[in-house]
Amino acid sequence: MRLLVTGGAGFIGANFVHQTLREHPEHSVTVLDALTYAGNEASLAPVRGDIEFVHGSVADADLVDQLVARHDVVLHFAAESHNDNSLRDPSPFLQTNLVGTFTILEAVRRHGVRLHHISTDEVYGDLELDDPAKFTDQTPYNPSSPYSATKAGSDLLVRAWVRSFGIHATISNCSNNYGPYQHVEKFIPRQITNVLSGLRPKLYGAGENVRDWIHVDDHNAAVHLILERGRAGETYLIGADGEKNNREVLGLILELTGQPADAFDSVTDRAGHDLRYAIDAGKLRAELGWTPRYTDFRDGLAATIDWYRENESWWRPLKGAVEAQYAAAGQ
Ligand code: NAD
Ligand code: TDX
């Protein structure tokens, strides 16, 4: 199939492109990416000769129309993705996550092209720490931040286009990803690159917030299965039973990098900070036979730390501006 991958120069999209070329050579890949601060062509350097790269926005209706017309499936990863940025300036989130998704939907409707929409567990809001419940595809939407509200809105647009116009679309909502090529603004790479830069890691509040960590390759393997066997109109939740609070994750990073356990700063908490996310991926496992390969978080994290050690030229140019922005916010 001819795959159009939006946001393919970002963290998860770039890893998806790498996995596709490695494990699914039957597909051809075109990347459409606006190369915002979060997009990095260097993330595609190892595969640059094997893909088509188009620099442009998912909100550009003419460009999207032309591209969609000559592909079989759109994998829609492109988004503004960082909660802290959405608290500083929500406006690009509305433009890319809502108007961009609308633009993709209109093009796939016109051309009868299939869509897989990549989304997040944050659309469901948060859970209490002592609640045994996990999110399922029946959990009501209850987003907290401007970021998650725009992702929730994009999911609802996709559902409405399925019901009203009969487009062939699937949606996946995944938990927190980690792995190579993740922007240094995000929790795990920020702390790893702080240690590698001689800066102290920064923990928001008491660090009790829980995230359900999954390796990016396990997320993308699930996306490939949905592409192959997912039922039109369905939503699949992706998660690998990886719940950990932020203090535990930071503790492991400090241990694996040979730092003392107390070598971090507690900083101003995130406004409206979601307490806990947890995914029940039973439907994905039972219906599509998906199982995660990265079942040992410590090993996956150690490999990720090695990747940042070995690829300083990839992240170093981004680091100063990110830390200056955090410092201005007391974080
Ligand atoms: P990212 O910020 O690393 O990458 C986003 C990419 O989209 C960048 O390459 C950027 O240049 C591109 N982009 C932004 N605006 C664009 C526009 N208008 N037109 C074209 N390209 C544009 O994000 P990520 O972490 O790789 O997330 C990818 C997707 O996965 C997002 O939809 C996100 O909501 C979802 N998701 C992320 C996580 C996670 O843990 N990171 C978890 C679940 C779901
Ligand atoms: O310096 C930090 N210190 C800290 O304690 C940063 C950057 C974050 N945190 C905390 C906030 C969260 O509880 O770590 C946790 C993870 O933070 P992020 O990496 O910003 O991720 P999160 O807000 O959970 O959202 C992520 O997962 C869901 C992705 O960024 C989203 O795109 C995805 O939808």
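Helices here are DSSP runs of H or I with at least four residues, strands are E runs of at least two, and both are numbered from the N terminus. Keep that in mind for the labels below, and remember that this is a predicted model.

Let's start with the whole chain. The protein chain carries eleven helices and 13 strands. Its radius of gyration comes out at 19 Å, close to the 20 Å that the globule rule gives for 331 residues, so the chain is as compact as a globular protein of that length. If you lay the C-alpha trace along its principal axes, it spans about 55 × 45 × 35 Å. Of the 331 residues, 47% are buried. Contacts tell you something about how the chain is put together: among those with a separation of 6 or more, 81% link residues 24 or more positions apart.

Now zoom in on one helix, α2, which covers residues 61-69. Val64, Leu67 and Val68 are its buried residues. Looking down the axis of α2, you'd find these buried residues within an arc of 95°, so they line one face of the helix. Swing round to the other side of α2 and you meet Asp62 and Ala69, which are exposed. And what sits over the buried residues? The cover includes four strands by name, β1 (2-6), β2 (28-33), β3 (52-55) and β4 (73-76), along with the helix α4 (91-111).

Two of those covering elements, β2 and α4, turn up again at ligand 1. There, α1 (11-23), β2, α4 and β5 (114-120) each hand at least two residues to the surrounding shell. In total 32 residues surround ligand 1, and the closest are Gly7, Gly10, Ala38, Gly39 and Ala79. Sorted by class, this shell has 14 nonpolar, 15 polar and three charged residues.

Next, ligand 2. Its shell is made of 16 residues, with Ser81, Thr120, Lys186, Phe187 and Tyr204 the closest. The elements giving two or more residues to this shell are α6 (187-196) and β8 (202-204). Which of the elements gives the most to the shell around ligand 2? That would be β8, with three residues. As for chemistry, the shell around ligand 2 splits into three nonpolar, seven polar and six charged residues.

Put the two sites side by side, and the class counts are worth a second look: three charged residues are in the shell around ligand 1, and six are in the shell around ligand 2. For nonpolar residues, the counts are 14 around ligand 1 and three around ligand 2.

Conventions: Residues are numbered from 1 along each chain as its sequence is written. Chains are lettered from A and ligands numbered from 1 in the order in which they are written. This is a predicted model: local features need pLDDT of at least 70, side-chain atom pairs count only at pLDDT 80 or more; totals for chains, interfaces and linings use all residues. A residue is buried if 20 or more other C-beta atoms lie within 10 Å of its own, exposed if 12 or fewer, and partly exposed in between; C-beta atoms are placed from the backbone. The arc is that of the directions from the helix axis to the C-beta atoms. Two residues are in contact if their C-beta atoms, placed from the backbone, lie within 7 Å. A residue is near a molecule or strand if its C-beta atom, placed from the backbone, lies within 6 Å of it. Ala, Val, Leu, Ile, Met, Phe, Trp, Tyr, Cys and Pro count as nonpolar, Asp, Glu, Lys and Arg as charged, and the others, Gly among them, as polar. The radius of gyration is taken over C-alpha atoms; the globule rule is 2.2 Å times the number of residues to the power 0.38.
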